[in-house]
Amino acid sequence: MYSTAKCSHPGCQIHVSEPFSTCYHHASEEVRHDMLTLFSQKLEQNLVRDVSMVGCDFEGLDMSYGLIRDSMFTFSTFRHCDFTASRIHTSCFDMCIFIECRFDRLRSTNSIYAGSLMKSCSFTSSTMLSCNFMGLESLDNDFTGSDLYFSNFSMGRIVNTLFEDCDLKRVNFTASAIKDTSFRWSNPEDAFFSPGEVHW
């Protein structure tokens with residue numbers, strides 16, 4: 001798993017990754033640049049493992065066909081980033097912001113996206129198994145053709161989102177506010193909704 005080392009800034013409890021001693025928030029502009037450069041290099045070499053980059057800002061980063069494993073990106077922001085055909089396993093993207101990102105053909109297992117905001121993102125033809133989206137704010141997203149087996153979308157706000165032609169077996173939508181969302185050609189009867197809700 002990611003490093004348990006803490007930021008050297010007094011009172012900060014955020015985890016950091018070697019060779020850096022401070023978190024992104026407490027780093028200088030030069031060190032922030034070095035952090036993002038090192039991350040990009042690891043991504044190109046498929047060596048993104050045990051990385052902690054909490055509260056980072058990613059703009060237009062190409063993460064396509066990459067592998068991210070056992071890493072933490074909590075409270076980070078991703079704008080116009082490309083995760084196409086990438087693999088994300090046992091990693092934390094909770095409380096993040098994703099704006100106009102592409103996750104098409106993503107393969108993700110046992111990862112956490114809880115409490116995040118996702119707006120105008122595409123997850124078409126993805127496989128996301130046992131992933132945690134609890135409390136997700138989903139606006140104008142597209143999960144068409146995806147396998148979401150045993151994932152958790154409970155207690156979220158899901159608006160104008162497509163779950164068409166998806167495998168929804170054992171997917172949890174209970175206590176979510178769902179509006180203008182399509183489950184056409186999917187199997188919502190195999191998912192869990194709050195009592196009285198019908199979405200097919």
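1. Let me start at Thr-22. Once neighbours within four places in sequence are set aside, Thr-22 is in contact with Cys-7, Ser-8, Val-16, Ala-27 and Met-35. Bear in mind while reading that this is a predicted model. Thr-22 sits in the segment before helix 1. Its relative accessibility comes out at 17%, so Thr-22 counts as buried, the cut-off for that label being under 20%.

2. The segment before helix 1 is also where you'll find Pro-19. Have a look at the bond leading into Pro-19: the peptide bond from Glu-18 is cis, and omega is near 10°. As background, most peptide bonds are trans.

3. Next, empty space. Rolling a probe the size of a water molecule over the atoms shows where such space is left. How many cavities of 30 Å³ or more does a search of the whole structure find? The search turns up 1. The largest cavity holds about 150 Å³ of space. Its lining is made up of 16 residues, and Ser-17, Phe-20, Met-35, Ser-52 and Met-53 are the ones nearest the centre. Met-35 is worth a second glance, as Met-35 is also among the contacts of Thr-22. Sorted by class, the residues lining the largest cavity are 10 nonpolar, 4 polar and 2 charged.

4. On to the rings. There are 28 aromatic pairs in the structure. One of them is Phe-39 with Phe-58, a tilted pair with 5.5 Å from centre to centre and 55° between the planes. This pair ties together distant parts of the chain: Phe-39 belongs to helix 1 (residues 29-44) and Phe-58 to strand 2 (residues 57-59), with their positions 19 residues apart in the numbering. Are these two rings on buried or exposed residues? Phe-39 and Phe-58 are both buried.

5. A further pair to check is Phe-93 with Phe-98. Why is this pair called tilted? The ring centres are 6.2 Å apart and the planes meet at 45°, so the pair falls in the tilted class; the stacked label needs planes under 30 degrees apart, and edge-to-face needs over 60. Phe-93 and Phe-98 are buried as well.

6. Two arginines sit over rings, if you want to look at charge against aromatic faces. Arg-32 lies over the face of Tyr-24, and the distance to the ring centre is 4.7 Å. Arg-184 has its charged end over the ring of Trp-185, at 4.0 Å from the centre.

7. Now some backbone angles. Most residues other than glycine have a negative phi. Ser-125 is not a glycine, yet its phi is positive, at about 55°. Where is Ser-125 found? Its place is the loop between strand 8 (117-119) and strand 9 (127-129). With a relative accessibility of 46%, Ser-125 counts as partly exposed. Beyond residues up to four places away in sequence, Ser-125 touches Arg-105, Thr-144, Gly-145 and Ser-146. For Ser-125 and Ser-146, the C-alpha to C-alpha distance is 4.5 Å, with 21 residues of separation in sequence.

8. Phe-150 belongs under the heading of positive phi too, with a value near 65° in a residue other than glycine. Phe-150 lies in the loop between strand 10 (137-139) and strand 11 (157-159). Its relative accessible area is 43%, so Phe-150 is partly exposed.

9. The strands on either side of that loop deserve a point of their own, beginning with Ser-138. This residue is found in strand 10 and is buried, at 1% relative accessible area. Which residues does Ser-138 touch, not counting those up to four places away in sequence? They are Met-118, Phe-143, Arg-157, Ile-158, Val-159 and Thr-161. The C-alpha atoms of Ser-138 and Phe-98 are separated by 9.8 Å, with the two residues 40 apart along the chain.

10. Last, Ile-158, which lies in strand 11. Ile-158 is buried, with a relative accessible area of 1%. Leaving aside neighbours within four places in sequence, Ile-158 has contacts with Ser-138, Phe-153, Phe-163, Phe-173, Ser-176, Ala-177, Ile-178, Lys-179 and Thr-181. As for Asn-46, it is 112 residues from Ile-158 in sequence and 33 Å away in space, C-alpha to C-alpha.

Definitions and conventions:
Residues are numbered from 1 along each chain as its sequence is written. This is a predicted model: local features need pLDDT of at least 70, side-chain atom pairs count only at pLDDT 80 or more; totals for chains, interfaces and linings use all residues. Side-chain values use heavy atoms; hydrogens and water are left out. Rings of Phe, Tyr and Trp (its six-membered ring) pair if their centres lie within 6.5 Å; planes under 30 degrees apart count as stacked, over 60 as edge-to-face and the rest as tilted. Helices (H or I, at least four residues) and strands (E, at least two) are DSSP runs, numbered from the N terminus. Buried means under 20% relative accessible area, exposed over 50%, partly exposed in between (1.4 Å probe, protein chains only). A charge sits over a ring if NZ of Lys or CZ of Arg is within 6 Å of the ring centre and within 35 degrees of the ring normal. On a 1 Å grid over the protein atoms alone, a cavity is a set of points where a 1.4 Å probe fits but cannot get out, and a pocket is an open set with protein on both sides within 12 Å along at least five of seven lines; lining residues have an atom within 4 Å of a point. Grid points are joined across faces, edges and corners, and a volume is the space filled by probe spheres set on the points. Ala, Val, Leu, Ile, Met, Phe, Trp, Tyr, Cys and Pro count as nonpolar, Asp, Glu, Lys and Arg as charged, and the others, Gly among them, as polar. Contact means heavy atoms within 4.5 Å.
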